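Visitor: I would like to go through this structure and ask what lies behind each label. Please set the values against the criteria as we go.

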Amino acid sequence: MNSTYSAVFVALVLVAALLIGGYGLRISRTTSDFYVASRTVSPWWNASAIGGEYLSAASFLGVAGLIFAYGPDMLWYPIGYTVGYLVLLALVAAPLRRSGAYTVPDFAEARLESRRVRRMASVLSVGIGWLYLVPQLQGAGLTLTTVTGAPGWLGGLLVAAVVAVNVMAGGMRSITFVQAVQYWLKLTALAVPVIFLVLAWRDAGAPALDGSLPAVFPNDTSVTVQSTVDVDVPSRVSVFVHGNVDGHDRTGSQVLLAPGSHRVTAGTVLDFPSGSAVPQVKGIPADTNAEWAKPLGGEGHGDPFYVTYSLIIATFLGTMGLPHVVVRFYTNPNGRQTRRTTVVVLALLGVFYLLPPAYAALGRIYTPELLLTGQTDAVVLVLPSRLVGGTLGELLGALVAGGAFAAFLSTSSGLTLSVAGVLSQDVLSLRGLRGFRVATFLAAAVPFGAALLVSGMSLADVVGLAFAVAASSFCPLLLLGIWWRRLTPFGAMAGMAAGGGLALVAGLVTLLVPPGSGIVYDLLSRPAAWTVPLGFAVMIVGSLLTPRTVPASVNRTMVRLHAPEALGLAEEETP
Amino acid sequence: MNGERPRRVVVTSPRTRAARRSRSYPIVREIDEQSEVGALYMRSLMRTQFRLGVLVVLLVCGPLAALPLLFSLVPLTKTVMVLGLPLPWLVLGLAVYPVVVAAACYYVWRVERTEREFADLVEQS
């Protein structure tokens, strides 16, 4: 792969983000401009910006990588990311906008009139934001390593730095422009190569996967293993080795690998003959292609039925609790406009998510070596130059790499902005723009450090955990806060602690221990199916136990949340 | 004849007063002032909106959530080819998205109608 084009394109995306941010800087002058662009963002721009912000590394790289490895069960991720917005639209969007809340902590305080609930929501909000930022920075590292061979930390550092500078300098206005442009860049970067890929595939006689075989190398293939892996060899295969296999230096020799487990050390190059079955890294089930193409095959561990439903619950209900999603609604002028913007967002997301499955299926045919190296998230990056030869292939590869960086930049910008807002206001109590800038630095630096510590986790797994925590804490808070008058501060805090706290602990435990099996591991690694009902139950029971602490202003608040704009009741508070 | 006229004035006078009172205390103001009447109107609006929201969510999420059940109960659906694609890939990868967007459009159309009707009702009274 020629790294020059890719490096140039990635650099272009980074510079463009800074330039567009600088253009926004000239417009934003006052504090209110800085935070919410004074609500002058048009619905079309705003919908593009929401789409651009929402489509993260997990969507751009992770979804295709997961489907490529585990099959159609993973299609539930993009469905959940989309349907989550529908749930948000139908039950939360307009009332949340009318509440005038800028973040979930704002909403909690406005609705429950309690500083303590606010503080708790702030801590959770920062936690979810950081959890979501880590995989973005990891993805940036993976992308830069895959396309240019740069060290793993460089990509993350570049993204964290550009985002921090942009947020510090321009605030929301520049972010809105950057994000809106980035949606269209991301769509182009995924859609244009797919056209060429399908054409090349048809040119080659539209080869289909042989259902009775596992993934096989279509040609003689040389595989470089970048980090040490344990692989399962399905059938006896003779490979030419440069490097270290099973602890012995076998450079320059032909090795007969017996079926079973083998360890391949980092830096080793293996030459496989055409047609041999791909040894797969431990954790990815070595299924035949027919098994792979079926749903409910699972992720290699766990009961596929439970895992699927837990994923559905986490993503359908977690979207509304993501910090960068809620902030975006504030840039709509009113509740009615918020709804219309959300419908456009749904359409934009739907169009985008049609593309990753195509990459996954083509990857199964043309880039099966990623199943050996375990870098399945790189399938989108590797396919264009593999399948479309020559300069065109390299240019397409560069376009995809640029699009991937757009994905990291936009999602990280939105998250950093909202985490910095909460940090400066509630956690550190730093006032003014200087405080906001200090908070921005922290908001970007902490997840960068965490990304260095925990490398090698699947992008979508960590994102899935962020969704589970949001679904178990903020989803009950928002739904009950908007539709149920008897919610009390005590109930809200107990519910958030029980649901969100347990989901966070369960998720962190499974991220730190090696994958296990059995029902206990399933319950811990995919906690949403039990922590979401728990969060709701504790919040309701806790509120019913403390009926005297229902805020006195609840009726007035409900009028503000639900009265249509046409009545002209809601007094606009401009910050 | 002379005795009837004053009686007519007495009968019509409360009506005109009532009419005038309702103009100076429209429902909008009742709602704004948190009176019992206003609260009643708001509760009915909230109930309508909530039912509509839940209906749309259930219409989309219900059938979606039934899919894994269908795949496991009728194994044929895991592999059957429809329009050149395996059914799960077609449904989960393509068909879902137009349905979701259509449901969103339906929701916005209905909810805006509800709000318009509510505003009309409140302004008439």
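Guide: A:Val241 stands opposite A:Leu270 in S8(A). This is a predicted model.

Visitor: What makes S3(A) and strand S8 of chain A a pair?

Guide: Two strands pair if at least two bridges are found between them. Three bridges join S3(A) to strand S8 (residues 269-272) of chain A, so the criterion is met. The two strands run antiparallel.

Visitor: How do you know that strand S3 of chain A also pairs with S6(A)?

Guide: The criterion is again at least two bridges. Strand S3 (residues 237-242) is joined to S6(A) by five bridges, therefore the two count as paired. They run antiparallel, and A:Phe240 stands opposite A:Gln254 in S6(A).

Visitor: Why are strands S1 and S6 of chain A called edge strands?

Guide: The open sheet has four strands in the order S1-S8-S3-S6 (chain A), with antiparallel pairing. Strand S1 (221-224) and strand S6 (253-257) each pair on one side only. Direction ignored, neighbouring strands of this sheet are turned by 30 degrees against each other on average.

Visitor: What makes the side chains along S3(A) alternate?

Guide: A:Val237, A:Val239 and A:Val241 point to one face and are buried. A:Ser238, A:Phe240 and A:His242 point to the other face and are not buried.

Visitor: Why is the contact between B:Glu115 and A:Arg98 called a salt bridge?

Guide: The label requires a side-chain nitrogen of Lys or Arg within 4 Å of a carboxyl oxygen of Asp or Glu. Here the closest N and O atoms are 2.9 Å apart, so the pair qualifies. B:Glu115 lies in helix H5 (residues 87-124) of chain B and A:Arg98 in helix H6 (residues 93-98) of chain A, so the salt bridge joins two chains.

Visitor: Are B:Glu115 and A:Arg98 buried or exposed?

Guide: Buried means under 20% relative accessible area. B:Glu115 has 5%, so it is buried. A:Arg98 has 10%, so that residue is buried as well.

Visitor: What makes A:Asp230 and A:Arg263 a salt bridge?

Guide: Their side chains meet at 2.9 Å, N to O, and the limit is within 4 Å, so the label applies. A:Asp230 lies in strand S2 (residues 229-233) and A:Arg263 in strand S7 (residues 260-264) of chain A, so the pair ties together parts that are 33 residues apart in sequence.

Visitor: Why are A:Asp230 and A:Arg263 called partly exposed?

Guide: Partly exposed lies between the limits for buried, under 20%, and exposed, over 50%. A:Asp230 has a relative accessible area of 28%, so it is partly exposed. A:Arg263 has 44%, so it is partly exposed too.

Visitor: Where do B:Glu117 and B:Arg113 lie?

Guide: Both lie in helix H5 of chain B, four residues apart, about one turn of the helix. An α-helix has 3.6 residues a turn, so residues three or four places apart point the same way. B:Glu117 forms a salt bridge with B:Arg113, the closest N and O atoms being 4.0 Å apart. B:Glu117 counts as partly exposed at 48% relative accessibility, and B:Arg113 does at 33%.

Visitor: How many salt bridges are there over all chains?

Guide: The search of the whole structure finds nine.

Visitor: Why is helix H14 of chain A described as largely enclosed?

Guide: Nine of the 11 residues of helix H14 (residues 356-366) are buried, so the rest of the structure largely encloses this helix. Among the buried residues are A:Tyr359, A:Leu362, A:Arg364 and A:Tyr366.

Visitor: How do you know that the length of helix H11 of chain A is close to the expected one?

Guide: Helix H11 (residues 304-318) has 15 residues and reaches 20 Å from its first C-alpha to its last, close to the 21 Å expected at 1.5 Å a residue. Its buried residues include A:Tyr306, A:Leu311 and A:Phe316.

Visitor: Which residues of chain B does the annotation "transmembrane region" cover?

Guide: The unreviewed UniProt entry places the annotation on residues 52-74 and 86-109 of chain B. In the model, residues 52-74 are 96% helix and 0% strand, with end C-alpha atoms 32 Å apart. Residues 86-109 are 96% helix and 4% strand, with end C-alpha atoms 34 Å apart.

Technical notes: Residues are numbered from 1 along each chain as its sequence is written. Chains are lettered from A and ligands numbered from 1 in the order in which they are written. This is a predicted model: local features need pLDDT of at least 70, side-chain atom pairs count only at pLDDT 80 or more; totals for chains, interfaces and linings use all residues. Side-chain values use heavy atoms; hydrogens and water are left out. Axes are lines fitted to C-alpha atoms, for helices over the stretch in contact, and angles run from 0 to 180 degrees between N-to-C directions. The expected span of a helix is 1.5 Å times one less than its number of residues. Buried means under 20% relative accessible area, exposed over 50%, partly exposed in between (1.4 Å probe, protein chains only). UniProt positions are given in the numbering used here, feature names are shortened, and annotations may be inferred rather than shown by experiment.
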